Amino acid sequence: MLPRMHQPTELEPRDLAELPIFPLPSAALFPGAALPLHVFEPRYRELVREVMGGRKIMAVARLKPGFELDYEGRPPVFDVCGVGLIINHAQRTDGRFDITLRGLSRARIIEELPPERAFRRVRAARILDTPCDQALIAAWQRKLTSLWERLAPHLPEQVRDLKALTRGANDAGAYADRLAAAMVADPEASQELLTEPDPAERFRLLTGRIQELVDALSPHKAENDAKLN
């Protein structure tokens, strides 16, 4: 059985009082996961330079649908975002950056701060995992592990080993977050998992996604779908 709760400890109140955000259309930063980013727009190059001169903390927020109409401005973002620490960075000769973020915590955007800088800053509050039913977590974990045994042979080699994917996860919430970061590419599903504070519910959602992948591999399902069509 996994330990009870994931309590991020590396953020300080000052980090969330004026938190720089990097709005993106589809990326999600989960606690404990690594997210590589290529930074080329001038306003976000400025963001990286600013962040690297401080505590190296910034957030990734997902842009809401329709952002294209005001991309150069400050289009709406979802209020739950991932806060992370820049753990690697390299600046190219033309000023662009390649960075890697390690997720530290979920956060809820309380308000966007006045546009005093080219990049966007917000005031945010940390979101902690809620207490969860350990028996329920254990049941979902057994189900997920069983499904994984059927799915793994069909996955790319680098993501077949469930233990490797979830290495370093010291509780149920962290375990689910590692798996979500590795396996969920759909932006809507990623945002749903990022927004959910209950580890048991994240396990349920992830198990459902894995079940869909396993079902899609079933020859009987494929035959039945062919007959229906």
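Biologist: Is E50 buried, exposed or partly exposed, and what is its relative accessible area?
Modeller: E50 is partly exposed, with a relative accessible area of 40%. Keep in mind that this is a predicted model.

Biologist: Which residue does E50 form a salt bridge with?
Modeller: The partner is R117, and the closest N and O atoms of E50 and R117 are 2.9 Å apart.

Biologist: Where do E50 and R117 lie?
Modeller: E50 is in helix α2, whereas R117 is in the loop between β5 and β6, so their salt bridge ties together parts that are 67 residues apart in sequence.

Biologist: What about E46, which residue does its side chain meet?
Modeller: The side chain of E46 meets that of R117 in a salt bridge, at 3.3 Å from N to O. E46 lies in helix α2, which covers residues 42-52, and R117 in the loop between β5 (97-112) and β6 (120-127), so this pair ties together parts that are 71 residues apart in sequence.

Biologist: How much relative accessible area do they have, E46 first and then R117?
Modeller: E46 has 23% and is partly exposed. R117 has 29% and is partly exposed as well.

Biologist: And E41 and R43, buried or exposed?
Modeller: Both are buried. Their side chains meet in a salt bridge, with 3.1 Å from N to O.

Biologist: How many salt bridges does the count come to?
Modeller: The count comes to 19 salt bridges, taking a side-chain nitrogen of Lys or Arg within 4 Å of a carboxyl oxygen of Asp or Glu.

Biologist: Changing topic: which way do the side chains point along strand β2?
Modeller: They alternate along β2, residues 34-39. L35, L37 and V39 point to one face and are buried. A34, P36 and H38 point to the other face and are not buried.

Biologist: In what sense do β2 and β5 pair, parallel or antiparallel?
Modeller: Antiparallel, over six bridges.

Biologist: Which residue in β5 is the bridge partner of L35?
Modeller: That is L101. L35 itself is among the buried residues of β2.

Biologist: One more place. Where does T130 lie?
Modeller: T130 is in the loop between β6 and α3, the latter being residues 134-151. T130 is partly exposed, with a relative accessible area of 29%.

Biologist: What separates the C-alpha atoms of T130 and G173?
Modeller: A distance of 9.2 Å separates them, while T130 and G173 are 43 residues apart along the chain.

Note on methods
Residues are numbered from 1 along each chain as its sequence is written. This is a predicted model: local features need pLDDT of at least 70, side-chain atom pairs count only at pLDDT 80 or more; totals for chains, interfaces and linings use all residues. Side-chain values use heavy atoms; hydrogens and water are left out. Buried means under 20% relative accessible area, exposed over 50%, partly exposed in between (1.4 Å probe, protein chains only). Helices (H or I, at least four residues) and strands (E, at least two) are DSSP runs, numbered from the N terminus. Two strands pair if DSSP finds at least two bridges between them.
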